[in-house]
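Here are some notes for a colleague who is new to this structure. Please read them with the model open.

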Amino acid sequence: MATNSQIAFNPQGKTVVVAAAAVAPLGVQAPVDQRFSAQETGQVRVVNAGTNLVHIGVGPTAAAAQANAVAATAGNPAAGIPLIGGAVEVLRFPAGWYFSGVAGAATTVYLTPGEGL
C-alpha cells in the first residue's frame with residue numbers, strides 16, 4: 001500500500017502566488033478544497049518560477065509568515081527556507097499555515113496544496 005511519501009503529487013486545492021520581493025509581502029494561505037479537508041496533510045508543492053533565490057517564510061498567521069521570510073547570514077540563523085531559482089519542492093507544513101517570501105528582486109513563487117511526491 002502506498003503512503004503519502006510514495007505516491008505522485010495529487011493537487012487538492014487551487015494554486016496561490018507569493019510575490020516575493022526585497023520586502024516580504026503579507027502571507028497568503030494555500031487552502032485545501034473542502035472535499036479534501038478530511039484528509040488534509042499539510043503538504044504543499046512549492047515552485048520558484050524565477051531565477052532568484054527566495055527565502056520562504058511560513059507561520060500560523062499572515063503576519064508571522066511575513067516576519068519569518070528572512071535570509072540567514074553567517075552566524076545568524078533565520079526562519080526563512082531557501083528555495084533556489086527554478087526549484088520545485090514538495091514540503092510539509094502544519095495544515096492551514098500562511099506563506100510569504102523575500103528575494104533580491106521580484107520573483108513569483110507558486111504554492112499548491114496536496115499530498116504525495
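1. Four strands make up an open sheet in this predicted model. Their order is E3-E8-E5-E6, and the pairing is antiparallel. At the edges are strand E3 (28–29) and strand E6 (81–83), each of which pairs on one side only.

2. Inside that sheet, E5 and E8 are joined by six bridges and run in the antiparallel sense. One position to look at is Val58, which stands opposite Phe99 in E8. As general background, strands of a sheet pair through backbone hydrogen bonds, and the pairing can be parallel or antiparallel.

3. Is His55, a residue of strand E5, buried or exposed? The relative accessible area of His55 is 12%. Buried means under 20%, so His55 counts as buried. Setting aside residues up to four places away in sequence, His55 touches Ala69, Val70, Ala71, Gly80, Ile81, Pro82, Ser100, Gly101 and Val102.

4. Strand E4 (residues 43–48) has five of its six residues buried, so E4 is largely enclosed by the rest of the structure. Which strands does E4 pair with? Strand E7 (residues 88–92) is joined to E4 by five bridges, and strand E9 (residues 107–115) by six. Both pairings are antiparallel. For orientation, Val47 has Val88 as its bridge partner in E7, while Val44 stands opposite Pro113 in E9.

5. The largest nonpolar core has 16 residues. Which of them touch the most other members? They are Ile56, Phe99, Val109 and Leu111. Two or more core residues come from each of strand E2 (16–20), E4, strand E5 (54–59), strand E8 (98–103) and E9.

6. Leu111, one of those four core residues, can be followed through its contacts. Neighbours within four places in sequence aside, Leu111 is in contact with Lys14, Thr15, Val16, Val18, Ala30, Val44, Arg45, Val46 and Phe99. Among these, Phe99 is another of the residues that touch the most other core members.

7. Phe99 also appears in the aromatic count, which comes to one pair. Its partner is Phe93, and the arrangement is edge-to-face, with 5.2 Å centre to centre and 80° between the planes. The planes count as edge-to-face because the angle is over 60 degrees. Phe93 and Phe99 are both buried.

Notes
Residues are numbered from 1 along each chain as its sequence is written. This is a predicted model: local features need pLDDT of at least 70, side-chain atom pairs count only at pLDDT 80 or more; totals for chains, interfaces and linings use all residues. Side-chain values use heavy atoms; hydrogens and water are left out. Buried means under 20% relative accessible area, exposed over 50%, partly exposed in between (1.4 Å probe, protein chains only). Two strands pair if DSSP finds at least two bridges between them. A nonpolar core is a set of buried Ala, Val, Leu, Ile, Met, Phe, Trp, Tyr and Cys residues joined through side-chain atoms within 4.5 Å. Contact means heavy atoms within 4.5 Å. Rings of Phe, Tyr and Trp (its six-membered ring) pair if their centres lie within 6.5 Å; planes under 30 degrees apart count as stacked, over 60 as edge-to-face and the rest as tilted.
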